Structures are given as structure tokens and as C-alpha cells.
Amino acid sequence: MKIKAWLASLSFRTGLCVGAFCILCYIISFAQMLLPISVSAKGTLWVVFFGLAKAAQYSALLILGKAGLERLKKMRARS
């Protein structure tokens, strides 16, 4: 519970940065499949970056919370 409370206390901008990091990790986790390296190395890199992406995704959701997600929807609707 301490971690959840600490994440919820972080700012909206921090939540957006963590969300951007999440997207970057997703891109890297799949783009590394194009590298000319062994299959086991590709699998290891995929597990690491996909795991980071999932952790960042759930952290961003905790940071943003319900009010932050509504704020993002409003920002998206304006543009």
C-alpha cells in the first residue's frame, strides 16, 4: 500500500513521462526482433523490455488515476 500511495502522490506530468517510457519500451521490445542476434538473446531482450513496459504501464495508471485519465481524454478531444 505504501508504493500505491506514493505513486498516487506523483504529478500528472510524471504520469505522462512514465506513460511515454511505457510506449518506448513496447516499441523496443518488438523492434529488437529485427536485430541480427541469436534467438535466445532476442527472447531475453523481449522479456526484459516487455516486462518494463508492463510495469511502466501499470505505474502510469496508478500515477494518473481516474482524474488524470479523464484529463487526458479531454486533452485528446480538444485536438
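Where is L52 found? L52 is found in helix α3, and that helix is a good place to start a friendly tour of this predicted model. Residues are numbered from 1 along each chain as its sequence is written, and side-chain values use heavy atoms, with hydrogens and water left out. Since this is a predicted model, local features need pLDDT of at least 70 and side-chain atom pairs count only at pLDDT 80 or more, while totals for chains, interfaces and linings use all residues.

**Overall layout**

The chain has three helices and zero strands, and its elements run α-α-α from the N terminus on. Helices (H or I, at least four residues) and strands (E, at least two) are DSSP runs, numbered from the N terminus. The radius of gyration of the chain is 15 Å, whereas a compact globule of 79 residues would have one near 12 Å; the value is taken over C-alpha atoms, and the globule rule is 2.2 Å times the number of residues to the power 0.38. Along the principal axes, the C-alpha atoms fill a box of roughly 45 × 35 × 15 Å. Buried residues make up 19% of the 79 residues, where buried means under 20% relative accessible area, exposed over 50% and partly exposed in between (1.4 Å probe, protein chains only).

**Residues along the helices**

The table gathers relative accessibilities for some residues of this chain.

| Residue | Relative accessibility | Class |
|---|---|---|
| F50 | 23% | partly exposed |
| W46 | 28% | partly exposed |
| L52 | 36% | partly exposed |
| Y58 | 48% | partly exposed |
| R13 | 66% | exposed |

R13 has its place in helix α2, and Y58 is found in helix α3. From R13 to L52 the C-alpha separation is 19 Å, with their positions 39 residues apart in sequence. L52 and A20 are 32 residues apart in sequence and 12 Å apart in space, C-alpha to C-alpha. For Y58 and A20, 38 residues apart along the chain, the C-alpha atoms are separated by 12 Å.

**Aromatic rings**

Rings of Phe, Tyr and Trp (its six-membered ring) pair if their centres lie within 6.5 Å; planes under 30 degrees apart count as stacked, over 60 as edge-to-face and the rest as tilted. By this rule the count comes to four aromatic pairs. One of them joins F30 and F50: the ring centres are 6.2 Å apart and the planes stand at 80°, so this pair is edge-to-face. It links distant parts of the chain, with F30 in helix α2 (residues 12–31) and F50 in helix α3 (residues 39–78), 20 residues apart.

How is the pair of W46 and F50 arranged, stacked or edge-to-face? W46 and F50 are stacked, at 4.7 Å centre to centre with 15° between the planes. Both residues lie in helix α3, four residues apart, which is about one turn of the helix. Ring pairs link Y26, F30, W46 and F50 into a cluster.

Another ring has a charge for company: R71 lies over the face of F12, at 3.9 Å from the ring centre. A charge sits over a ring if NZ of Lys or CZ of Arg is within 6 Å of the ring centre and within 35 degrees of the ring normal.

**The largest pocket**

Rolling a probe the size of a water molecule over the atoms shows where empty space is left. A pocket here is an open set of points on a 1 Å grid over the protein atoms alone, where a 1.4 Å probe fits, with protein on both sides within 12 Å along at least five of seven lines; lining residues have an atom within 4 Å of a point. The largest pocket has a volume of about 150 Å³, the volume being the space filled by probe spheres set on the points, which are joined across faces, edges and corners. Its lining includes G15, C22, Q57 and L64, and the elements giving two or more residues to that lining are α2 and α3.
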